[in-house]
Amino acid sequence: MASISNIDFPPDIRSLTNEELTRALASVDEKKFRVQQIYQWIWKLGSTTFDDMLNIPGPTREFLKTHFSFHSAKAEIQQKGSDGTVKTGFRLYDGSVIEGVLIPAGGRFTACISSQVGCNLGCKFCATGRLGFTRNLTTGEIFDQVVYLSRLAGTIQRSEPESRAGSVVSHPEPGIGRLLSNIVYMGMGEPFLNYEAVKKSIETITSAESLGMSPQRITVSSIGIPKMIRTMADDRPKYHFALSLHAANDKKRSRIIPFNLHHPLPEIIEALKYYHTKTGKRITIEYILFAGVNDSPADASELALFCRNFPVKINLIEYNAVNETGLSGSGQEAILSFVTFLERRNLVVNVRKSRGKDIQAACGQLSANYKNVNK
Ligand code: SF4
């Protein structure tokens, strides 16, 4: 726990464990049940101010205000695509900007959320990788994105005027977690490099005492860090796991995802076998199709071979082009023959259309532009 004497820069109360909060309250002789009351204000009602906590005695609220704060994410900029995709830039308490995307489709709403400010893994196709790494997000900052995007989904469902950018995330009505059909940890950052906060955020989002969302509707997507795949497997997750593969031979994959040089595919395969043995779960394979790079029949054949190792579902993703990467998305003909090749080998394949093309909805693009405008 951060020192409570550090009043110049009070820590985010949402980063405390229950034990830490209990200890802090014990220092002012407050009763243990207050911890539960405060928990409900924070994680069920989404309060971002101590003044909301009317069932907490005034002196205790003053103590909390003096020693803690809320590092809330503030929705500051928003772009809406012609296909309904809404991208939101959140300003964090330290001035950093992260992105969350809401993707409506057929009455369903998928929220794509960030786990880090930037990323240092440098995948060639990724706008976030070009920003560099600033820091990990806290559980509260991940939670704020979910609450905000849930409320936005509710607003769109009710055809109300959209939530204005600039509003601080607060007060989710009970059951708000049910407004989102799916949450994917596929925004800015590599979730396995911020595993504890990501895990805690999922525990919170799915807790009946918080948003009560089903873990079956949550997917964590990673480029695949073998040690962390095993750690996740040992935690027996109820959520889904997706591997961002993008090439099934090491030479090619290392060109697209330089981190692959440290942990080549045989290591990832072993870790995924361990994951499947431990959890019995099918693995989602994400594969972005880049024209002339990884979309040939030979590439499809390597992918099919890779997928023999465990039960999988393949998501082929159309590329949302990022400037200056030198990469472009495969054409429809190449996509179709790639799909056909895999389906003839009895693999389950979905093609994910690129969403929000006109608002550069690939994560990291808005932040890069916004950073440039505001520096
Ligand atoms: Fe980082 Fe993911 Fe982008 Fe790779 S794809 S640079 S891991 S955010």
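What percentage of the 375 residues in the protein is buried? Buried residues, meaning those under 20% relative accessible area (exposed being over 50% and partly exposed in between, with a 1.4 Å probe and protein chains only), make up 54% of the 375 residues. The legends below describe a predicted model, in which local features need pLDDT of at least 70 and side-chain atom pairs count only at pLDDT 80 or more, while totals for chains, interfaces and linings use all residues. Residues are numbered from 1 along each chain as its sequence is written, and side-chain values use heavy atoms, with hydrogens and water left out.

**View 1. The open sheet of 10 strands.** The protein has 11 helices and 12 strands, where helices (H or I, at least four residues) and strands (E, at least two) are DSSP runs numbered from the N terminus. Ten strands form an open sheet with mixed pairing, in the order S1-S2-S3-S4-S7-S8-S9-S10-S11-S12; two strands are said to pair if DSSP finds at least two bridges between them. Strand S1 (74-80) and strand S12 (349-352) are the edge strands, each pairing on one side only. From one strand to the next, the twist averages 25°. Helix H8 (residues 265-279) packs on the sheet, where it touches S9 and strand S10 (283-289), and its direction makes about 170° with that of S9. Axes here are lines fitted to C-alpha atoms, for helices over the stretch in contact, and angles run from 0 to 180 degrees between N-to-C directions.

**View 2. Strand S3 between its hairpin partners S2 and S4.** Strand S3 (residues 97-105) is largely enclosed by the rest of the structure, because seven of its nine residues are buried. On one hairpin, six bridges join S3 to strand S2 (residues 86-91), the two running antiparallel, and Thr88 has Gly100 in S3 as its bridge partner. Five residues lie between S2 and S3, and in that turn Gly95 has a positive phi of about 95°. On the other hairpin, S3 pairs with strand S4 (residues 108-112) in the antiparallel sense over five bridges; Val101 stands opposite Cys112, and Pro104 stands opposite Phe109. Two residues separate S3 from S4, and Gly106 in this turn has a positive phi of about 55°.

**View 3. Ala242 in strand S9.** Ala242 is found in strand S9 (residues 240-244) and is buried, with a relative accessible area of 0%. Not counting residues up to four places away in sequence, Ala242 touches Thr219, Val220, Ser221, Ser222, Thr284 and Glu286, contact meaning heavy atoms within 4.5 Å. Ile223 is 19 residues from Ala242 in sequence, and their C-alpha atoms are 8.5 Å apart in space.

**View 4. The shell around the ligand.** Ile223 also belongs to the residues surrounding the ligand, together with Cys119, Leu121, Gly122, Cys123, Phe125, Cys126, Gly129 and Gly189, a residue being near the ligand if one of its heavy atoms lies within 4 Å of it. By class, this shell has six nonpolar, three polar and no charged residues, with Ala, Val, Leu, Ile, Met, Phe, Trp, Tyr, Cys and Pro counted as nonpolar, Asp, Glu, Lys and Arg as charged, and the others, Gly among them, as polar.

**View 5. The crossing of helices H9 and H10.** The axes of helix H9 (residues 297-306) and helix H10 (residues 332-343) come within 9 Å and cross at roughly 35°. Pro297, Asp299, Ala300, Ser301, Leu303 and Ala304 of H9 make the contact with Phe338, Phe341 and Leu342 of H10, which by class amounts to seven nonpolar, one polar and one charged residues.
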